[in-house]
Amino acid sequence: MNKTALSVLNTVFGYPEFRSPQDEVIETIINGENALVLMPTGGGKSLCYQIPALIRSGCAIVISPLIALMQDQVNALTQLGVKASFLNSSLDQNQAFDVEQALRQGQLDLLYIAPERLIQARMLSLLQQCPIALFAIDEAHCVSQWGHDFRADYLKLSLLHQQFPAVPRIALTATADPRTHKEISEKLQLDDAKHFVAGFDRPNIQYRIGQKQNARQQLLSFIRNEHENDAGIIYCLSRKKTEETAKWLCQQGLQALPYHAGLANDVKERHQNRFLREDSIIIVATIAFGMGIDKPDVRFVAHLDLPKSIESYYQETGRAGRDGQAANAWMVYGLQDVIKLKQMLDKSEAGEQQKRIERQRLDAMLGLCEITTCRRQTLLQYFDEHLAQPCGNCDTCITPVQTWDGTNAARKALSCVYRTGQRFGVSHLIDVLLGKSTAKIEQFQHQQLSTFAIGTELEIQQWHSVFRQLVSRGYIYADMDSYGALKLTDKCRPLLRGEESIELRKDNIEKVKKKNSSKSVKSTAALPEEAQPLWQALRALRKQLAIEHGIPPFTVFHDSTMMAMISANPTNKQELLTISGVGLSKLDKYGEQFLAVIAQFNG
Ligand code: ADP
Ligand code: ZN
């Protein structure tokens, strides 16, 4: 291992050792070779270019699409004593001139630039005049035209290869699917780059997927029981729903803010900043939110609507727990979600082939929802990674799911669809099965059907579960051309003919629980009760320092670093320096104040 790299890791960043494959990536770049790095969120991608930036001569250029976050990234580096700056449209002419001047005079270790700025002829010629340590292309999946993060300017970044053939390039992404990797490699002309793929498991994230009953109440009880005062992200499908949900959560006394592409830029920026800077803000967002959100202490990601693919689910849930502390990925879904997504897909403008791929992706996602075995094993398998044992940290591991022989019930449900002429939605079908007397049943004379009242052995919820699983598994589908009526597919035949049987999952209904009755993964659960006062005091100090320096609290110290302080109980600077996350610069800036607070609680 490169000795210099390790000593930079220890003294500047305050971390004792590299995580695999950081050291190999760093070595590659230091040697002037190219690299393509695929690491899960929270894996530690930034160090892969920040450390070579400090070791190679010249300035490292970091290309990032997220100009709103550059300031924070630069602040965080400045806290570590690293000379970093950024160039984007938020600077006025004088400020930009000063940064360019600093670059020219060789005063910068790292410079963050937005892609549209980098590709300007003026900028390129400026870079030609300066020694460049490396180019880091962050969020490299933005070259992919299939993804929703596509940025046209990213396609032009292949010019780096042409204009700066001697400068090593490193492209980084958390997107896991091989197709995107290939695209990155092609479009950025990185054919000769070494590939580094870190394992995609995020063991600190607890995966939970449940059935929708009363989604809002379920969500509220989840937050109240397990995440009081924690920061979190809630994903919804529509802009309207993000706003309504945020408003409702505020009425319940939580601090929730909406975020979606339709909000004015200044509103988006304000909400994002509050999320980053305050301790317990909940963002209720569409998929527009999240890329590159560099907040390490997001304790939960909740989905009120189904993501379209396992890739999206993995990426969105991955924004929880970047600091490695316990975090939750929580989701509820129901039949309506399945139908809605399938409809959106059918109606989309995409070509037939693209639609087919999207359908397969959605089916894989539904498969993950409906499985009765370990979620993590299935999730990782999707990315071709094999986990030998069930994880013990997902809902199906914690509360094993029962299955039941649903053959008879499924046949009744399918017959009912058939007998009613494949013209009705699920509520009516269930009314028929249960033998209800409703106006609609009267109107269509459905009490005369052979399937009327043949399903009284199950309750309404159970029938919903049967229909949901039949739709998820492709036995029936909602036909948009007839107002979402459920229709049979060819797959039904063997089941209806009695040639096939079907096992269904018995849904574990996550009851709206009383406080403290659940297996919670509270962020501070690891701390003994008597350490709480010190924890609160450290948090208060961190907050005060953050306000003084105009930076987010986690930029002072992470939760994990403060927890380590509590258990190591350092009494002097020497001891404080051994704690992971304390480097020389922060020791100097904050060491005494933190030691003083710790000492107060020792006496
Ligand atoms: P990514 O960009 O891959 O999502 P980051 O680079 O933001 O991840 O790193 C995630 C977190 O892990 C950060 O808080 C970072 O400081 C921390 N980290 C990175 N590398 C190490 C390491 N070798 N030891 C300890 N913590 C690390
Ligand atoms: Zn599991």
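**Exercise 1. Decide whether Pro 552 is buried or exposed, then describe its surroundings.**

*Solution.* Step 1: Pro 552 has a relative accessibility of 0%, so it counts as buried. The cut-off for buried is under 20% relative accessible area. Keep in mind as you work that this is a predicted model.

Step 2: Find Pro 552 along the chain. Pro 552 sits in the loop that links α24 (532–549) and α25 (553–556).

Step 3: Look for what touches this residue. Not counting residues up to four places away in sequence, Pro 552 touches Asp 72, Leu 276, Arg 277 and Ala 546.

Step 4: Compare sequence with space. Pro 552 and Asn 273 are 279 residues apart along the chain, while their C-alpha atoms are separated by 8.7 Å.

**Exercise 2. Work out which accessibility class fits Asp 294, and which residues it contacts.**

*Solution.* Step 1: Asp 294 has 28% relative accessibility, so it counts as partly exposed. That class runs between the 20% limit for buried and the 50% limit for exposed.

Step 2: Place Asp 294 in the fold. This residue belongs to the loop between β11 (282–285) and β12 (298–303).

Step 3: List the contacts. With neighbours within four places in sequence left aside, Asp 294 is in contact with Leu 69, Gln 73, Arg 322 and Phe 554.

Step 4: Take one of these partners, Arg 322. Asp 294 and Arg 322 lie 28 residues apart in sequence, and their C-alpha atoms are 8.4 Å apart in space.

**Exercise 3. Describe where Gly 58 lies and what it is in contact with.**

*Solution.* Step 1: Gly 58 is part of the loop between α3 (46–55) and β2 (59–63).

Step 2: Since its relative accessibility is 25%, Gly 58 counts as partly exposed.

Step 3: Beyond its neighbours within four places in sequence, Gly 58 is in contact with Ala 53, Leu 108, Asp 109, Pro 131 and Ala 133.

Step 4: Now try a distance. From Gly 58 to Leu 103 there are 45 residues in sequence but 9.2 Å in space, C-alpha to C-alpha.

**Exercise 4. Examine two helices: find the place of Arg 361 in α16, then the buried residues of α10.**

*Solution.* Step 1: Arg 361 is found in α16, which covers residues 352–370. Its relative accessibility is 16%, so Arg 361 counts as buried.

Step 2: Name what Arg 361 touches. Residues up to four places away in sequence are not counted, and the list is Asp 177, Arg 179, Lys 308, Ser 309, Ile 310, Glu 311 and Tyr 382.

Step 3: Move to α10 (residues 178–187), where the buried residues are Thr 180, His 181, Glu 183, Ile 184 and Ser 185.

Step 4: Ask what covers those residues. The cover includes the strands β1 (35–38), β6 (169–173) and β7 (194–197). After α10 comes Gln 189, with a positive phi near 50°.

**Exercise 5. Track down some backbone details in loops: a cis peptide bond and positive phi angles.**

*Solution.* Step 1: Start with the bond from Ser 20 to Pro 21, which is cis, with omega near 0°. Pro 21 lies in the loop between α1 (3–13) and α2 (22–30).

Step 2: Turn to Asn 229, which is not a glycine yet has a positive phi of about 70°. Asn 229 belongs to the loop between α11 (215–226) and β9 (231–235). With 53% relative accessibility, Asn 229 counts as exposed.

Step 3: Gln 445 is not a glycine either, and its phi is positive at about 60°. Gln 445 is in the loop between α21 (439–444) and α22 (460–472). Its relative accessibility of 42% makes Gln 445 partly exposed.

**Exercise 6. Step back and describe the whole chain: its make-up, its dimensions and the confidence of the prediction.**

*Solution.* Step 1: The protein chain has 28 helices and 17 strands.

Step 2: A compact globule of 603 residues would have a radius of gyration near 25 Å, and the 27 Å of this chain agrees with that. Along the principal axes, the C-alpha trace spans about 85 × 65 × 45 Å.

Step 3: Of the 603 residues, 55% count as buried. Among contacts between residues at least 6 apart in sequence, 73% join residues at least 24 apart.

Step 4: Check the confidence. The average pLDDT is 91, and 96% of the residues score at least 70. Over residues 514–521, however, pLDDT stays under 50.

Note on methods. Residues numbered from 1 in each chain as written. Chains lettered and ligands numbered in written order. Predicted model: local features only at pLDDT ≥ 70, side-chain atom pairs only at ≥ 80, totals over all residues. Heavy atoms only, no water. Helix = DSSP H or I, 4+ residues; strand = E, 2+ residues; numbered from the N terminus. Rg over C-alpha atoms; globule rule 2.2 N^0.38 Å. Buried < 20%, exposed > 50% of the residue type's maximum accessible area, 1.4 Å probe, protein only. Contact = heavy atoms within 4.5 Å. pLDDT = per-residue confidence, 0-100.
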